[in-house]
Amino acid sequence: MKFLPILLICSELFPILNVAPASYSTAYPSAYGGDTSTACNPTGGDGLVPERREVYDGGRIFDISHRYSPDMPSWGSEDGIGQFLWLPASMKNGSLANNSEMKLPTHTGTHVDAPGHVFDHYFDAGFDVDTLDLGVLNGPALVVDVPRDKNITAEVMKSLNIPKGVRRVLFRTLNTDRQLMRKKEFDTSYVGFMKDGAQWLVANTDIKLVGIDYLSVAAYADLIPSHLVFLEGREIILVEGLKLDDIQLGLYTVHCLPLRLLGAEGSPIRCILIK
């Protein structure tokens with residue numbers, strides 16, 4: 001789900017003096033963000049090609065965050081998130097350094113939900129992403145496969161036989177098989193939690209981090225009811241839009257770090273798994 005836009009500076013923050021004025025329309029390159037290989041690190045004309053990896057350290061570290069691109073899905077949109085990155089200060093236009101600006105909804109790509117996302121009194125009280133417990137977002141985690149023919153109901157949760165004591169679970173579903181996070185058109189048929197599945201998890205497990213492989217942990221048919229169940233107690237953290245392709249089932253160490261966005265009920269998040 002998406003609500004609050006954010007504006008970020010994507011490079012070092014220091015004074016920039018423009019020899020020639022640069023603007024969104026004149027900055028180089030003109031469609032910054034249209035090519036996923038140029039984001040914050042455009043390839044120069046010297047044959048330099050940056051390496052972009054999904055796995056690091058000899059197969060020990062897995063990046064389970066999606067790379068941001070204009071064609072990644074956005075909640076309720078048929079056209080993806082569109083251009084989200086601009087280069088208003090460009091060395092090619094006379095600036096002393098390149099300084100990019102980024103604007104996108106906080107619930108875009110791999111992201112986290114705070115309690116204020118669906119509870120307005122929590123939002124007003126300040127339960128934003130800066131208040132989320134990093135102890136929950138980092139630690140041992142179990143990757144499980146969900147049956148491919150249904151949403152996550154109480155029956156499905158029982159069938160997964162997740163042991164007591166497990167605090168972090170990443171649910172891989174049909175969303176990964178269908179590559180939904182790589183399709184720019186938002187798809188309401190994604191797999192997620194039904195209300196009874198969320199209730200069963202809260203009542204019968206020790207899970208405090210719930211991760212899933214599309215833009216919402218909650219099935220579209222139970223969108224708000226499932227979120228309310230998960231977030232009411234302010235103990236469970238929801239991580240959405242995970243990239244779980246080619247990840248073997250089993251136990252890992254997960255590290256997820258949201259931005260410290262004061263007042264924001266959601267944030268982009270970088271998540272990795274370590275064997």
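**Entry 1: the packing of α6**

I began with the buried residues of α6 and looked up what they pack against, which turned out to be β6 (111-113), α1, α5, β9 (209-212) and β10 (237-240). The model I am reading is a predicted one. The buried set in this helix consists of Leu 223, Ser 226, His 227, Val 229, Phe 230 and Leu 231.

I then asked at what angle the axes of α5 and α6 cross. For helix α5 (residues 195-204) and helix α6 (residues 223-231) I noted axes that come within 8 Å and cross at roughly 10°. Angles under 35 degrees count as roughly parallel, and I therefore recorded α5 as roughly parallel to α6. On the α5 side I listed Lys 195, Ala 198, Gln 199, Leu 201 and Val 202 as making the contact, and on the α6 side Pro 225, Ser 226, Val 229 and Phe 230. Sorted by character, the residues of this contact come out as 6 nonpolar, 2 polar and 1 charged.

**Entry 2: Val 118 beside α6**

I next turned to Val 118, which I placed in the loop between β6 and α1. Is Val 118 buried or exposed? Its relative accessible area is 18%, and residues under 20% count as buried, so I entered Val 118 as buried. Once neighbours within four places in sequence are set aside, I find Val 118 in contact with Ile 224, His 227, Leu 228 and Leu 231. For one of these, Leu 231, I also looked up the C-alpha separation from Val 118, which is 7.8 Å although the two residues stand 113 apart along the chain.

**Entry 3: the nonpolar cores**

I searched for the largest nonpolar core and found that it has 27 residues, of which Ile 152, Ile 162, Phe 171, Leu 201, Val 210 and Phe 230 touch the most other members. I noted that Leu 201 and Phe 230 also belong to the contact between α5 and α6. The elements that each supply at least two residues of this core are β7 (138-145), α3 (154-160), β8 (168-172), α5, β9 and α6. Apart from this core I recorded another, of 25 residues, which includes Leu 209, Leu 244, Tyr 252 and Leu 261.

**Entry 4: salt bridges**

How many salt bridges does a search of the whole structure find? I counted 11, and I took several of them one at a time.

The pair of Arg 260 and Asp 130 has its closest N and O atoms 2.7 Å apart. Arg 260 lies in the loop between β11 (250-258) and β12 (266-274), and Asp 130 lies in the loop between α1 (120-125) and α2 (134-137), so this salt bridge ties together parts that are 130 residues apart in sequence. I entered Arg 260 as exposed, at 71% relative accessibility, and Asp 130 as partly exposed, with a relative accessible area of 29%.

Arg 60 forms a salt bridge with Asp 57, and here I read 2.7 Å between the closest N and O atoms. The relative accessible area of Arg 60 is 37%, and I noted this residue as partly exposed.

For Arg 148 and Asp 145 the closest N and O atoms of the salt bridge are 3.1 Å apart. I have Arg 148 as partly exposed at 29% relative accessibility, and Asp 145 likewise as partly exposed at 29%. I followed this pair outward and found that Asp 145, Arg 148, Arg 172 and Asp 177 are linked in a network of salt bridges.

**Entry 5: positive phi values**

I checked the backbone for positive phi in residues other than glycine, and I noted Arg 234, with phi near 60°. Arg 234 sits in the loop between α6 and β10, and at 40% relative accessibility I entered this residue as partly exposed. Asp 246 also has phi near 60°, again a positive value in a residue other than glycine. I placed Asp 246 in the loop between β10 and β11, where its relative accessibility of 75% makes it count as exposed.

**Entry 6: the chain as a whole**

I closed with totals for the chain, whose secondary structure comes to 6 helices and 12 strands. Of its 275 residues, 49% count as buried. Among contacts between residues at least 6 apart in sequence, I recorded that 75% join residues at least 24 apart.

Definitions and conventions:
Residues are numbered from 1 along each chain as its sequence is written. This is a predicted model: local features need pLDDT of at least 70, side-chain atom pairs count only at pLDDT 80 or more; totals for chains, interfaces and linings use all residues. Side-chain values use heavy atoms; hydrogens and water are left out. Axes are lines fitted to C-alpha atoms, for helices over the stretch in contact, and angles run from 0 to 180 degrees between N-to-C directions. Helices (H or I, at least four residues) and strands (E, at least two) are DSSP runs, numbered from the N terminus. Angles under 35 degrees count as roughly parallel, over 145 as roughly antiparallel, 65 to 115 as roughly perpendicular and the rest as oblique. Contact means heavy atoms within 4.5 Å. Ala, Val, Leu, Ile, Met, Phe, Trp, Tyr, Cys and Pro count as nonpolar, Asp, Glu, Lys and Arg as charged, and the others, Gly among them, as polar. A salt bridge is a side-chain nitrogen of Lys or Arg within 4 Å of a carboxyl oxygen of Asp or Glu. Buried means under 20% relative accessible area, exposed over 50%, partly exposed in between (1.4 Å probe, protein chains only). A nonpolar core is a set of buried Ala, Val, Leu, Ile, Met, Phe, Trp, Tyr and Cys residues joined through side-chain atoms within 4.5 Å.
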